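Thanks for sharing this one. Here are a few friendly notes to read alongside the model.

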Amino acid sequence: MSTAELPARETMEFDVVVVGAGPAGLAAAIRLKQLAPEKSVVVVEKGSEVGAHILSGAVIDPIGLDSLLPDWRGEDAFVKTAVADDRFYMLTASRAWRLPNALMPPLLSNHGAFIVSLGEVTRYLARQAEALGVEIYPGFVAAEVLLEGDAVAGIATGDMGIGKDGHHKAGFARGMELRGKYTVFAEGARGSLAKLLIARFGLAQNSEPQKFGLGVKELWQVAPEKHRSGLVQHTIGWPLDSRTGGGSFLYHFGDRLVAVGFVVHLNYANPYLSPFEEFQRFKTHPLVRDTFAGGKRLCYGARAISEGGFQSVPRVAFPGGVLVGCAAGFLNVPRIKGSHNAMLSGALAAEHVAAALAAGRGNDELSGYEAAWRSSLIGRDLWRVRNAKPLWSKFGSYAGIALGGLDMWTSTLGFSLFGTLRHGKPDFAALKPAAACRPIAYPKPDGKLTFDRLSSVYLSNTNHEEDQPAHLLVRDAALQKSSEHDVYGGPSARYCPAGVYEWVEEAGEPRFVINAQNCVHCKTCDIKDPNQNITWVPPEGGGGPNYPNM
Ligand SMILES: Cc1cc2nc3c(=O)[nH]c(=O)nc-3n(C[C@H](O)[C@H](O)[C@H](O)COP(=O)(O)OP(=O)(O)OC[C@H]3O[C@@H](n4cnc5c(N)ncnc54)[C@H](O)[C@@H]3O)c2cc1C
Ligand code: SF4
């Protein structure tokens with residue numbers, strides 16, 4: 001059946017439609033209901049339940065929760081461990097050099113922050129939102145932006161029950177049109193609809209390209225004697241070379257839980273690099289390996305993180321809609337924190353939406369939100385660290401971090417020696433041809449401390465209906481072979497943390513295989529493919545990882 005022959009979609013009208021039940025989307029919904037209880041608000045979430053697709057560190061700056069739900073600290077709704085010890089190390093292959101806290105720019109301090117599972121936090125936020133009357137629909141993807149004239153008028157959820165070849169299966173159900181006076185796009189880093197909107201409305205014309213990292217994470221339950229509740233530890237350096245940005249995080253919280261992860265900046269040049277294997281290698285360092293002895297790996301996952309900061313934030317308001325949270329790029333890279341700004345931006349946008357609705361407006365541009373974020377707490381948070389990432393990219397991990405540290409110190413005092421530095425090219429353009437790079441030999445996993453991809457993906461509880469249309473769209477198959485494979489050596493087989501892409505030999509010819517059912521929705525292929533030949537679109541609602549508490 002062609003789209004023209006499909007039955008019409010049913011329509012539901014709301015005052016506000018929110019895409020994504022992450023901290024940004026839920027904060028927007030909660031603030032709207034706090035300000036305008038009579039207005040109708042709906043949230044759609046592609047995960048099978050709220051939190052199922054949330055992956056973060058996470059050490060949270062409580063400023064977002066404090067402003068949204070001031071009583072949260074007293075509530076027993078999710079595990080929260082106050083940061084008790086904050087450590088930063090530079091690693092070589094065998095040594096760890098601790099940087100004294102007194103040398104660290106004060107804005108990087110984690111004093112007063114809490115270690116949490118962000119998935120649990122979003123479940124708490126969802127309960128608060130529902131108690132205020134917000135309708136939340138998990139298991140539904142926002143697949144299409146609805147336009148009326150030149151204004152956004154809501155979204156359509158994806159059709160369900162379509163087979164790989166396009167035929168309608170027994171349970172076929174047409175998507176719904178959720179129409180709203182304003183639509184809040186809170187899809188997180190590299191949102192698929194946000195990407196379309198940025199292009200459609202030219203939102204990034206006056207900003208630097210967005211930059212990204214890939215965060216790969218495991219959750220462990222460690223032996224009692226290894227647990228140091230409240231310890232927050234970050235490293236830079238080994239196993240990455242000095243030209244490749246990134247580093248590790250390791251947080252002890254809850255009942256003997258340790259969240260450990262590694263972020264690799266996606267402007268890396270060597271197509272042989274594998275962020276997944278760099279992470280596995282990191283865990284073998286003498287500083288950390290002992291932590292995991294006698295412990296059990298509980299969960300695995302991966303997610304892109306937006307790193308461009310202040311200068312990469314696109315225009316965040318357009319007719320009928322706004323971008324909030326990491327869909328707008330409100331993440332503070334040197335702090336590796338974005339959840340506070342996600343909540344603050346959701347709430348800020350909601351305040352402008354509520355005022356516009358009260359004035360009888362709808363489907364117009366909320367220019368007040370656009371004007372407000374830079375002078376808000378969000379803008380001030382991002383402004384002071386705006387040069388950290390460009391300095392790191394330009395001068396590498398040692399000189400770049402030292403200069404970035406100096407800049408953050410002077411910015412704390414109110415000035416910068418560098419002005420506002422540019423990022424230059426997007427991440428995909430940083431990849432070099434394979435012939436210009438050296439292959440990297442990664443050690444074999446031991447199955448105790450280090451693991452392979454497939455056993456890892458198993459721990460993400462990822463599940464997709466197998467008979468459904470492709471959600472990883474390769475625009476030009478010939479280009480994939482002639483460039484991604486022949487020139488770049490097939491980096492997709494290494495950057496994908498879920499083993500989705502493979503080049504297999506068939507009758508002496510390389511064939512591109514896509515194991516789409518393993519996809520953990522990290523969005524790295526959409527960002528890093530050197531020809532921008534792969535597009536991630538949402539699969540059928542409810543598919544993807546099922547993270548219990550990442
Ligand atoms: C490895 C890693 C470590 C991090 N560590 C920290 C930390 O320690 N502290 C901190 O503060 N921040 C940290 N962050 C950043 C933090 O997780 C983000 O800033 C925050 O999650 C952004 O919130 P958000 O609501 O904008 O997006 P997200 O949290 O990504 O939520 C977006 C939601 O929208 C849903 N969605 C997306 N597209 C659609 C669609 N089309 N239809 C329906 N639903 C959709 C997703 O399933 C998801 O539930 C980390 C991030 C990573 C990846
Ligand atoms: S296919 Fe793309 S989005 Fe899915 S896990 Fe791999 S890199 Fe991430």
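Which strands does helix α5 lie across, and at about what angle does it run to β14?

1. Please keep in mind that this is a predicted model. To take the question up: helix α5, residues 275-282, lies across β5 (85-91), β14 (212-221), β15 (231-237), β16, β17 and β18. Its direction is at about 40° to β14.

2. A second helix is worth a look here. Helix α9, spanning residues 388-413, also packs on the sheet, where it touches β5, β15, β16 and β17. The directions of α9 and β15 make an angle of about 95°.

3. Now for the sheet itself. It is open and has seven strands, in the order β6-β5-β15-β16-β17-β14-β18, and the pairing is mixed. At the edges sit β6 (96-98) and β18 (296-306), each of which pairs on one side only. From one strand to the next, the twist averages 20°.

4. If you would like one strand pair to inspect, try β16 (residues 246-253) with β17 (residues 257-265). These two are antiparallel and are joined over eight bridges. Within this pairing, Leu250 has Val260 of β17 as its bridge partner.

5. Last, the cysteines. Searching the whole structure turns up zero disulfides. Cys326, for example, is in none: the nearest cysteine sulfur belongs to Cys522 and is 14 Å away, whereas a disulfide calls for sulfur atoms within 2.5 Å.

6. Is Cys437 buried or exposed? Cys437 counts as buried because its relative accessible area is 17%, and the cut-off for buried is under 20%.

Conventions: Residues are numbered from 1 along each chain as its sequence is written. Chains are lettered from A and ligands numbered from 1 in the order in which they are written. This is a predicted model: local features need pLDDT of at least 70, side-chain atom pairs count only at pLDDT 80 or more; totals for chains, interfaces and linings use all residues. Side-chain values use heavy atoms; hydrogens and water are left out. Two strands pair if DSSP finds at least two bridges between them. Helices (H or I, at least four residues) and strands (E, at least two) are DSSP runs, numbered from the N terminus. Axes are lines fitted to C-alpha atoms, for helices over the stretch in contact, and angles run from 0 to 180 degrees between N-to-C directions. Contact means heavy atoms within 4.5 Å. Buried means under 20% relative accessible area, exposed over 50%, partly exposed in between (1.4 Å probe, protein chains only).
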